[in-house]
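Trainee: Could we go through this structure together? I have it open and would like to start with a single residue before moving on to the larger pieces.

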Amino acid sequence: MLGEVLQWKYPADAVLSHWFRAHTNAGLRDRGEIAEAVFDVLRHLRRYRQFAESGTGAGTRRLAVLGLASVWPRETLDTGLDEHERPWLDHVQSLSVDALPRAVRHSVPDWLDERLAALPDAESLLQALNAPAPLDLRINPFKTDRKTVLNAWAEGAEARWGARATPYSPWGIRIQGRPPVNRWRTFERGEIEVQDEGSQLLAALVAPRRGEMIIDYCAGAGGKTLLVGALMRSTGRLYAFDVSAARLARAKPRFARSGLSNIVPVAIAERNDQRVRRLRGKAHRVLVDAPCSGLGTLRRNPDLKWRQHPESLVQLCETQAAILRDAAACVMPGGRLVYASCSILPEENELQVQAFLEAHPEFSLLDAGAILAERDIRLETQGPYLRLRPDVHGTDGFFAAVMQRAKAERPATRDDASGLSP
């Protein structure tokens with residue numbers, strides 16, 4: 001199974017899910033340990049491959065041994081090793097990694113190491129990106145509040161997972177470990193969702209109001225859509241756009257659990273969609289969580305650093321610019337545009353926004369930190385952008401920019417805001 005993951009044909013979590021479906025005899029604990037070992041290999045692949053060169057036999061097996069060594073006690077692992085593998089593992093585990101080049105020590109490709117070297121505290125960032133992430137949840141503010149959920153969990157079986165409030169998001173809960181959250185009653189009742197704290201803060205930047213028309217332009221699995229809809233108190237109209245009808249279909253059970261009735265899922269064409277054109281200049285707020293490299297999520301998706309490359313990054317930046325232009329056209333005069341990515345690279349973030357603003361002088365940049373402060377979210381920002389890092393904030397790497405379109409001389413009429421039929 002590890003060999004299939006290392007072919008990079010499919011995302012690692014998809015390969016694991018397929019393998020688990022084919023091996024139903026694996027228990028919940030076994031599945032967790034296997035997944036943890038595979039992700040450990042992906043996090044440290046470059047360093048492990050260098051270590052594996054000193055061994056004998058199949059290289060993939062040596063990589064698997066190193067991954068399992070991070071999960072199992074040594075005495076358990078030794079029962080499956082031969083007389084050559086035990087001393088080899090002893091030797092590898094005695095090596096110091098401090099003298100290794102940074103790209104090998106932190107297991108990133110050279111091109112990514114070069115880009116991250118230009119960021120502040122690159123060593124700290126790389127170390128944090130290689131650490132496993134905690135599990136962040138979010139309450140559904142349309143159905144409950146965080147204090148109620150935390151109090152209930154403190155008295156129930158969930159207490160073992162050490163749930164605590166996230167430091168920034170007023171809706172977030174952080175737990176340790178990987179419990180079967182989808183089996184919890186609070187999840188089944190639509191009172192909680194899985195969502196990283198950084199992603200939750202995007203809804204605060206959108207700052208939705210009741211009765212508005214809002215577009216989540218790249219809705220994906222619908223996590224941000226749900227929070228925006230809940231903050232609208234299920235009023236107005238919230239369009240969930242995505243180019244993948246399959247993704248929207250997978251989001252529909254989440255929409256149903258949430259209790260919201262204001263979400264309108266719409267599968268759109270990648271460019272020149274007729275339904276998008278009909279909404280030009282009519283949306284109060286538009287959120288663009290753009291498709292990106294995902295390099296800010298390496299704690300959860302370590303295979304991305306091996307699946308991405310400079311050529312794919314160029315294509316992604318072109319796609320982001322096109323989406324941003326199309327989405328911006330839907331913003332009404334005086335309306336708000338939020339551009340976000342889960343990347344840590346400037347070409348997908350600041351440079352993308354700067355290029356857009358130069359081409360669209362009718363938009364101006366707002367201060368993200370001040371907008372968050374209006375919701376009593378105290379998070380220091382340097383400059384107008386929201387930049388989140390795992391080593392600083394404990395979240396995935398996120399970026400967001402908030403822009404406002406200049407007001408029109410003539411206010412829109414009631415007919416102008418009719419929008420699409422549900």
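Trainee: Leaving aside its neighbours within four places in sequence, which residues is S341 in contact with?

Mentor: Bear in mind that this is a predicted model. Once the neighbours within four places in sequence are set aside, S341 is in contact with D289, C292, E348, N349, G397, F398 and F399.

Trainee: Is S341 buried or exposed, then?

Mentor: S341 is buried, and its relative accessible area is 0%. Buried here stands for anything under 20%, so a value of 0% puts S341 in that class.

Trainee: What does its side chain do in terms of polar contacts, say with N349?

Mentor: The side chains of S341 and N349 are joined by a polar contact of 2.5 Å. In addition, a polar atom of the S341 side chain lies 3.2 Å from the backbone nitrogen of S343.

Trainee: And which strand does S341 lie in?

Mentor: S341 belongs to strand β9, which covers residues 331-341. Of the 11 residues of β9, nine are buried, so the strand is largely enclosed by the rest of the structure.

Trainee: Which way do β9 and β8 run relative to each other, parallel or antiparallel?

Mentor: Strand β8 (residues 283-289) and β9 run parallel and are joined by six bridges, with R285 standing opposite R336 in β9. Strand β12 (residues 398-405) is also joined to β9 by six bridges, but those two strands run antiparallel, and there the bridge partner of Y339 is A401 in β12.

Trainee: Changing topic, in what order do the four strands of the open sheet come?

Mentor: The order is β2-β3-β1-β4, and the pairing is antiparallel. The edges are taken by β2 (164-165) and β4 (192-194), each of which has a single partner strand, so one side of each is left without a neighbour in the sheet.

Trainee: How many bridges does β1 make with β3?

Mentor: β1 and strand β3 (residues 172-175) pair over four bridges in the antiparallel sense, and L135 stands opposite I175 in β3. Towards β4, strand β1 (residues 135-139) is joined by three bridges, again antiparallel; there L137 has V194 as its bridge partner, while R138 stands opposite E193.

Trainee: Which way do the residues of β1 point?

Mentor: L135, L137 and I139 point one way, D136 and R138 point the other way, and all are buried. That fits the general pattern, because in a regular strand the side chains alternate between the two faces of the sheet. As a whole, β1 is mostly covered, with five of its five residues buried.

Trainee: L137 is a name I would like to follow further; which residues have the most contacts inside the largest nonpolar core?

Mentor: L137 is one of them, along with I175, V181, W184, I192, L205 and L386, in a core of 50 residues. Helix α13 (residues 197-206) gives the most to this core, contributing six residues. There is also a second, separate core of 31 residues, which includes L279, C330, V353 and F363.

Trainee: What is L205 in contact with, leaving aside its neighbours within four places in sequence?

Mentor: The contacts of L205 are R336, V338, A368, I371, L372, L386, A400 and V402. One of these, R336, is the β9 residue that R285 stands opposite.

Trainee: Now a helix: which residues of α10 are buried?

Mentor: In helix α10 (residues 122-129), the buried residues are A122, L125, L126, A128 and L129. They cover an arc of only 165° around the axis, which puts them on the same side of α10. Among the elements that cover these buried residues are α8 (102-105), α9 (110-116) and α21 (390-393).

Trainee: One last residue: which residues does E33 touch, not counting those up to four places away in sequence?

Mentor: E33, which sits in helix α3 (residues 28-43), touches V71 and W72. The C-alpha atoms of E33 and V71 are separated by 6.4 Å, although the two residues are 38 residues apart along the chain. With W72, the side chain of E33 makes a polar contact of 3.0 Å.

Trainee: And is E33 buried or exposed?

Mentor: E33 is buried, with a relative accessible area of 18%, and since the class takes in values under 20%, E33 falls within it.

Terms used. Residues are numbered from 1 along each chain as its sequence is written. This is a predicted model: local features need pLDDT of at least 70, side-chain atom pairs count only at pLDDT 80 or more; totals for chains, interfaces and linings use all residues. Side-chain values use heavy atoms; hydrogens and water are left out. A nonpolar core is a set of buried Ala, Val, Leu, Ile, Met, Phe, Trp, Tyr and Cys residues joined through side-chain atoms within 4.5 Å. Buried means under 20% relative accessible area, exposed over 50%, partly exposed in between (1.4 Å probe, protein chains only). Contact means heavy atoms within 4.5 Å. Two strands pair if DSSP finds at least two bridges between them. A polar contact is a pair of N or O atoms within 3.5 Å; within protein, one must be able to donate a hydrogen and the other to accept it, and residues adjacent in sequence count only if both atoms are side-chain atoms. The arc is that of the directions from the helix axis to the C-beta atoms.
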